[in-house]
Amino acid sequence: MPQLSRKDGNLNLIGNSEERWKRDFRRLLLSGPPNSGKTTSTLTFPAPRHIIIVPGELGHSSIIEDGVETFKYFWEINEQIDRDKATKLIHQIKLVISNILQQEKVATVALDGVHVLYQLILNSLGWPNDDTNFGEKAFGKGHNFARNEFCDIIRSLSLSKAEHFVATCYDGNESREKGVIELYPDLPGAMAIGARGGLSHMN
């Protein structure tokens with residue numbers, strides 16, 4: 001997207017290169033209800049494609065890995081995800097992303113279930129019982145940490161060398177005006193609006 005810069009007290013519109021424009025349109029957020037084909041649709045993006053199924057997301061069974069065009073990364077979760085487990089899983093997700101982006105050819109990276117990722121980050125911060133992060137005197141500290149962590153992960157993929165980045169998310173209803181309901185990604189508060197602004201949103 002075009003950006004504003006301040007020079008000599010004036011705001012100037014900075015245009016992007018053609019390559020930057022192409023990259024921006026290849027950063028997508030696909031949202032929809034459960035079982036609407038979001039995960040399967042990642043198979044339509046160029047290969048080699050690397051599809052990361054966020055721990056707790058159940059879509060991995062619809063992806064067949066062949067080790068040539070399609071690579072799948074998923075976690076079998078059979079127990080409650082407590083704070084320590086959530087912290088370890090987020091660390092593992094970051095390692096997977098880092099390893100993928102170090103490969104010579106990366107046509108597509110998909111992150112399936114970013115709404116689950118956000119909840120995982122909240123769990124790693126002790127939501128909702130940690131008074132330090134979420135108590136009355138925390139003044140939104142935990143939510144600020146969660147938002148920054150989530151944005152860092154998304155940004156690492158959006159600004160990467162991958163030709164395409166696609167994220168998937170459940171729909172969440174948010175009433176904007178009386179009698180009118182707009183569909184936003186199932187992310188909390190301003191993050192739902194921010195996600196639509198940072199990625200090309202399709203639902």
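Biologist: Hi! Which are the buried residues of α4?

Modeller: Hello! In this predicted model, the buried residues of α4 are V114, H115, V116, L117, Y118, L120, I121, L122, N123 and S124.

Biologist: And how many of the eleven residues of α4 is that?

Modeller: Ten of the eleven are buried, so α4 is largely enclosed by the rest of the structure.

Biologist: Good. What follows α4 in the chain?

Modeller: G126 follows α4, and its phi is positive, near 90°.

Biologist: Back to packing. At what angle do α3 and α4 pack, and how far apart are their axes?

Modeller: Helix α3, residues 83–101, packs against helix α4, residues 114–124, at an angle of about 130°. Their axes are 7 Å apart. The two helices are therefore oblique to each other, and their crossing is left-handed.

Biologist: Which residues meet there?

Modeller: From α3 you have R83, A86, T87, L89, I90 and I93. They meet L117, L120, I121, N123 and S124 in α4. By class, this contact has seven nonpolar, three polar and one charged residues. Of the α4 residues in the contact, L117, L120, I121, N123 and S124 are on the buried list too.

Biologist: What about α3 and α6? How do the axes of those two cross?

Modeller: Their axes come within 11 Å and cross at roughly 15°. That makes α3 roughly parallel to α6. This crossing is left-handed.

Biologist: Which residues of α3 and α6 meet?

Modeller: I90, K94, I97 and L101 in α3 meet E149, I153, S156 and L157 in α6. Sorted by class, the contact has five nonpolar, one polar and two charged residues. You may recognise I90, since that residue is also among those of α3 that meet α4.

Biologist: Nice. New topic: which residues of α7 are buried?

Modeller: In α7, residues 190–198, the buried ones are M191, A192 and A195. They cover an arc of only 105° around the axis, which puts them on the same side of α7.

Biologist: And what is exposed on the other side of α7?

Modeller: A190 and G197 are exposed there.

Biologist: What covers the buried residues of α7?

Modeller: The cover includes two strands, β3 (27–32) and β8 (180–185), along with the helices α4 and α6 (141–158).

Biologist: Let's look at the backbone. Which peptide bond near P48 should I look at, cis or trans?

Modeller: The one from A47 to P48, which is cis, with omega near 0°. Both A47 and P48 lie in the loop between α2 and β4. For orientation, α2 covers 38–41 and β4 covers 49–53.

Biologist: How exposed is A47?

Modeller: A47 has 30% relative accessibility, so that residue counts as partly exposed. Leaving aside neighbours within four places in sequence, A47 is in contact with E69 and A107.

Biologist: How far apart are A47 and V109?

Modeller: In sequence they are 62 residues apart, while in space their C-alpha atoms are 9.5 Å apart.

Biologist: What about the bond from W127 to P128, cis or trans?

Modeller: That peptide bond is cis, with omega near 0°. P128 sits in the loop between α4 and α5, and α5 covers 131–134.

Biologist: Why do you point these bonds out?

Modeller: Because most peptide bonds are trans. Most residues other than glycine also have a negative phi.

Biologist: OK, what is the phi of N35, then?

Modeller: N35 has a positive phi of about 60°, although it is not a glycine. N35 is in the loop between β3 and α2, and this residue is exposed, with a relative accessible area of 83%.

Biologist: And the phi of F139?

Modeller: Phi of F139 is near 55°, again a positive value in a residue other than glycine. F139 belongs to the loop between α5 and α6. At 72% relative accessibility, F139 counts as exposed.

Biologist: Last one, the overall picture: how many helices and strands does the protein chain have?

Modeller: The protein chain has seven helices and nine strands. Of its 203 residues, 42% count as buried. Among contacts with a separation of 6 or more, 58% are accounted for by residues 24 or more positions apart.

Biologist: Thanks, that helps!

Technical notes
Residues numbered from 1 in each chain as written. Predicted model: local features only at pLDDT ≥ 70, side-chain atom pairs only at ≥ 80, totals over all residues. Heavy atoms only, no water. Axes fitted to C-alpha atoms, helices over the stretch in contact; angles between N-to-C directions. Helix = DSSP H or I, 4+ residues; strand = E, 2+ residues; numbered from the N terminus. Parallel < 35°, antiparallel > 145°, perpendicular 65-115°, else oblique. Left-handed = near helix turned anticlockwise from the far one by under 90°. Contact = heavy atoms within 4.5 Å. Nonpolar A, V, L, I, M, F, W, Y, C, P; charged D, E, K, R; others polar. Buried < 20%, exposed > 50% of the residue type's maximum accessible area, 1.4 Å probe, protein only. Arc of directions from axis to C-beta.
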